[in-house]
Amino acid sequence: MAAPHSAGLSPEAGDNRPNSHGEELRDVKAASSQTDSRGQGPGPRLSKVNLFTLLSLWMELFPKRASQRQDDRSTRDTGLVVVHEQKVLGLHCSGPELHAGQVAVIRHGPRLKGCDLYFSRKPCSTCLKMIINAGVNRISYWPADAEISLLSDGSRAAHLNFQEATLDALAAERLKSNSRPHICVLLQTLASSMLQFVEETSRNSDFLGKMGMDDPSRDIREIFRTERWRNWDSFSGKFFIEDEGQHRELLSKMGLENFCTEPYFSTLRQHMKDLIKVLASVAASVPVLDLEYGFYETEPSTSGHGTLPQEVVRHCIIQATLLAYRTEDPKVGVGTVIWAEDKRQSECDGTGAMYLVGCGYNAYPAGSEYAEFPQMDARQEERHHRKYRYIIHAEQNALTFRSAELTGQNNTMLFVTKCPCDECVPLIRGAGIKQVYTTDLDSGKDKHDISYKRFSQLRQVHKFIWQKSSLARNASEQAAAPLANGCLKQRREEDSESQHCKKLKT
């Protein structure tokens, strides 16, 4: 029996390919974290190493206010995931004055001891010396660029920055060679069908599904395809170096000469491309359509807590979507992140006043062996052969394994990829969650094994649902031809009948 785990948020053991410089390029299948690794689920899953790596890349892109944007381009925005004893302690990004590693020291202090840190860039010597001193267990980073850039465009200012970056790289290498923590690059091969699985599930997300229900004539597949390619262009430009010679040169300057030889170099670049493709597809599941769609409150707000900008909400929902790809549920993956906002704390983090409370995905109880509990099968009639009474829901795991306490005075926000069910609604209210961001595609439905009727009745919690903005709805109504009283209902019935006939023909 494998050691018990929490919500699947911990580094996992696997076969390593060590090299002369102590780096590891890991090429293992994604083992189950919630259950015994000897059993595998029916579908592909993200390994924890790849999940944490993707979360760090996504945190680098956290939307910042104008006052938080980095003016000094000699340093790079950096994302960071802090993991301790199978749970995520923090999701961070660099602020206007502080690097991600410095933010982690301020936020966690002595709690960093024994943690695993996943950076979206190689941390500089300033960050390394502090986090090494804190007693972290392992430091992993994305091998595309350093926190202080080692690339120069030939200008005098860039040349001076390049010199500083070179000195910093030398100091970082000495810190690395003399440190107790393991400093390395960790990337794992995706399951053979993972890219196709992520693309299909992202294209069929509840968010795109809601848009299709609102307007059946809309080409949802084309919207997804356009968004995915736009994301690929943006993410690959930020996280990948197309020029192989330049990438080899940069790896050498970062102390990764062992990756410059074949077949390690080609394998490394393929792993990087695959992960960027995953991120591009997942981000396309919640498209950016000039705020035609967004997360809007179902009832007018009377609370003293402000609403988040749409780009921040979308960013947190995509964090939850990434977590959903660690699910052990053979039918559907659900992910949840809980953030809180404390306006009294200093905004050293690139997330401003927001801090992580917890995150999770739906899975079987900790320490279970896979197939120890029943799986859902459409052909099975007996309810005791179904999974629903055994699966721990994403919201439940996020609350159980939270890394920070819930306080009544702070605005606590829950982001979940599917409508909360009747089992989770009382927990959300009882935990003191102030705001919920989700989709209502299942709201009001009773699926016998699982019901979603209580979400619409949830009181004292502000519900923000993925839907058309009021401006888009008004424009759509104004564009419709004016009809006499009673004719509008008739037109809708005719349209519905027409759509029904088209489906029958198909």
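Which residue takes a positive phi in the hairpin of β1 and β2? The exercises below work towards this and other points, and they concern a predicted model.

**Exercise 1. Describe the hairpin of β1 and β2, and say how β1 is placed between its partners.**

Solution. Begin with the turn: the hairpin has 2 residues between its strands, and Glu-85 takes a positive phi near 50° there. Next, look at the pairing of the two arms, where 6 bridges join β1 to β2 and the strands run antiparallel. As one example of this pairing, Gly-79 has Cys-93 in β2 as its bridge partner. Then turn to the other partner, β3, which is joined to β1 by 4 bridges, again with the strands running antiparallel; here Val-83 has Asp-116 as its bridge partner. In general, strands of a sheet pair through backbone hydrogen bonds, in either a parallel or an antiparallel manner.

**Exercise 2. Decide whether β1 is open or enclosed, and examine both of its faces.**

Solution. First count the buried residues: 6 of the 6 residues of β1 are buried, so the strand is largely enclosed by the rest of the structure. Then separate the two faces, for Gly-79, Val-81 and Val-83 lie on one side, while Leu-80, Val-82 and His-84 lie on the other, and all of these are buried.

**Exercise 3. Work out the order of the sheet that contains β2 and β5, and find what packs on it.**

Solution. Start with the order, which is β2-β1-β3-β4-β5 in an open sheet of 5 strands with mixed pairing. The two ends of this order are the edge strands, β2 and β5 (182–184), each of which pairs on one side only. Neighbouring strands are turned by 15° against each other on average, direction ignored. Continue with the pair β4 (residues 138–141) and β5, which is parallel over 3 bridges, with Ser-140 standing opposite Cys-184 in β5. Finally, consider the helices: helix α2 (residues 100–108) packs on the sheet and touches β1, β2 and β3, its direction making about 130° with that of β2. Helix α3 (residues 125–133) also packs on the sheet, where it touches β3, β4 and β5, and its direction makes about 150° with that of β4.

**Exercise 4. Is Val-88 buried or exposed, and which strand holds it?**

Solution. Locate the residue first: Val-88 belongs to strand β2 (residues 87–93). Its relative accessible area is 2%, and since buried means under 20%, Val-88 is buried. As a last step, compare sequence with space: Leu-356 is 268 residues away from Val-88 along the chain, yet their C-alpha atoms are separated by 8.9 Å.

**Exercise 5. Trace the sheet of 6 strands, and describe the surroundings of β7 within it.**

Solution. The order of this open sheet is β6-β11-β10-β9-β7-β8, and its pairing is mixed. At the edges stand β6 (293–297) and β8 (354–361), each with a single partner strand, so one side of each has no neighbour in the sheet. The average turn between neighbouring strands is 20°, direction ignored. Strand β7 (residues 335–341) runs antiparallel to β8, to which 7 bridges join it, and Ile-338 stands opposite Gly-358 in β8. On its other partner, strand β9 (residues 411–416), β7 is held by 6 bridges, likewise in the antiparallel sense, with Val-337 opposite Phe-415. As for burial, 7 of the 7 residues of β7 are buried; Gly-335, Val-337, Trp-339 and Glu-341 point one way, whereas Thr-336, Ile-338 and Ala-340 point the other way.

**Exercise 6. At what angle do α6 and α7 pack, and which residues make the contact?**

Solution. Helix α6 (residues 206–214) and helix α7 (residues 220–239) pack at about 140°, with their axes 10 Å apart. Because angles over 145 degrees count as roughly antiparallel and this one does not reach that limit, α6 and α7 are oblique to each other. Their crossing is right-handed. The contact is made by Leu-208, Met-211 and Gly-212 of α6 with Ile-220, Ile-223 and Phe-224 of α7, and these residues divide into 5 nonpolar, 1 polar and no charged.

Conventions
Residues are numbered from 1 along each chain as its sequence is written. This is a predicted model: local features need pLDDT of at least 70, side-chain atom pairs count only at pLDDT 80 or more; totals for chains, interfaces and linings use all residues. Side-chain values use heavy atoms; hydrogens and water are left out. Axes are lines fitted to C-alpha atoms, for helices over the stretch in contact, and angles run from 0 to 180 degrees between N-to-C directions. Angles under 35 degrees count as roughly parallel, over 145 as roughly antiparallel, 65 to 115 as roughly perpendicular and the rest as oblique. A crossing is left-handed if the near helix is turned anticlockwise from the far one by less than a right angle, and right-handed if clockwise. Contact means heavy atoms within 4.5 Å. Ala, Val, Leu, Ile, Met, Phe, Trp, Tyr, Cys and Pro count as nonpolar, Asp, Glu, Lys and Arg as charged, and the others, Gly among them, as polar. Two strands pair if DSSP finds at least two bridges between them. Buried means under 20% relative accessible area, exposed over 50%, partly exposed in between (1.4 Å probe, protein chains only).
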